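Biologist: Could you take me through one helix of this model closely, and then follow what surrounds it? I would like the reasoning spelled out with care.

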Amino acid sequence: MSDLIDSLTHDLKPVKPLRSRPLWLGALAGLVVAVFYIWFFYGPRPELTALMGGEWPRSHMPVVKPLMFLALGISALLGASGLVRPEGRPKLRYLMPVLIIGAIVFGALLVEFQHDGWDSTMANLSDGVLICYMTILCGGMAGLIVLWRLWLRRSATSHPVSLGALSGLATASLMAAAYALHCQGDAPVYLLLVYGMAVAILTGIAALLGGKLLRW
């Protein structure tokens, strides 16, 4: 019996455990690259330029919007880092920022719709929709590919669909946080149908890919 075990295991090589530190360093590097790209190729929104000069914006959204998507990205990365090993389990707390922010934005949209009506509400979608949507979707996809190549493919998860979904949610949210430094679309309908749609689509794509490519 011992000979049989030896013959089965003699070619095995120890594998280093997958650590979370490269994930966070890679995400930070990707976010810095995205911020530089948006800042120098798209340009910051005027309120942020004024803020750097010491003038606080009249609306809190120029500051809150990037932080909101940054919080979504960080919570999704926390969830992904907890799922890379077989014993990892999906936990509701990693989705709480999504549920809370989604409920706040949807509630604000209902209030705006009741106050201003359908035409006025939808008029907030007229400027920059396509470039916002494509920047978040394509930038998030680029980040997901790098994440997949350098880190995700080494995972051994028992929940490949959830790991893929959280990875897509993280990269799309971080790209949205970077793009929010430029974008002046702060209306609830814009956040829900442009930002939210782009993030949701990439999350869905990543979930489908995760179900096929991260299964072991």
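Modeller: The expected span of a helix is 1.5 Å times one less than its number of residues. The model is a predicted one, and with that yardstick helix α2 (residues 21-42), which has 22 residues, should span 32 Å, while its end C-alpha atoms are 31 Å apart, in agreement with the expectation. Just beyond the helix comes G43, whose phi is positive, near 95°.

As to its sides, the buried residues of α2 are L23, A27, A34 and I38. Viewed down the axis of α2, these buried residues fall within an arc of 30°, so they line one face of the helix. The general background is that an α-helix has 3.6 residues a turn, so residues three or four places apart point the same way. The other side of α2 carries the exposed residues R21, L28, V33 and F40. The partners of the buried residues of α2 are α4 (61-81), α7 (129-150) and α8, against which they pack.

The aromatic residues of α2 lead outward from the helix. The structure holds eight aromatic pairs, one of which joins Y37 and Y42 in a tilted arrangement, 5.7 Å centre to centre with 55° between the planes. Y37 is partly exposed, with a relative accessible area of 41%, and Y42 also counts as partly exposed, at 24% relative accessibility. Another pair is formed by Y179 and Y195, whose ring centres are 6.4 Å apart and whose planes stand at 50°, so this pair is tilted. Because Y179 lies in helix α8 (residues 160-179) and Y195 in helix α9 (residues 188-213), the pair ties together parts that are 16 residues apart in sequence. Y179 and Y195 are both buried. Y37, Y42, Y179 and Y195 belong to one aromatic cluster, which also includes F41, F69 and Y190.

A second helix can be read in the manner used for α2. Helix α5 (residues 96-116) has 21 residues and should span 30 Å, and its end C-alpha atoms are indeed 30 Å apart. In α5 the buried residues are I101, V105, L109 and E112, and seen down the helix axis they fall within an arc of 75°, so they too line one face. On the other side of α5, A103, V111 and Q114 are exposed. The buried residues of α5 pack against α4, α6 (118-122) and α9, and just after the helix G117 takes a positive phi of about 90°.

The cysteines call for a separate check. With a disulfide taken as a pair of cysteine sulfur atoms within 2.5 Å, the count comes to zero. The sulfur of C183 is 4.5 Å from the closest cysteine sulfur, in C132, and is therefore too far for a bond; C183 is buried, at 4% relative accessibility. For C138 the closest cysteine sulfur is also in C132, but at 12 Å, which is again too far for a bond, and C138 is partly exposed, with a relative accessible area of 45%.

Finally, a word on confidence. The protein averages a pLDDT of 88, and 92% of the residues score at least 70. Confidence is highest in α8, at 95, and lowest in helix α1 (residues 2-9), at a mean of 63. Where pLDDT is low, the predicted coordinates should not be read in detail.

Conventions. Residues numbered from 1 in each chain as written. Predicted model: local features only at pLDDT ≥ 70, side-chain atom pairs only at ≥ 80, totals over all residues. Heavy atoms only, no water. Phe/Tyr/Trp six-rings, centres within 6.5 Å; stacked < 30°, edge-to-face > 60°. Buried < 20%, exposed > 50% of the residue type's maximum accessible area, 1.4 Å probe, protein only. Helix = DSSP H or I, 4+ residues; strand = E, 2+ residues; numbered from the N terminus. Arc of directions from axis to C-beta. Contact = heavy atoms within 4.5 Å. pLDDT = per-residue confidence, 0-100.
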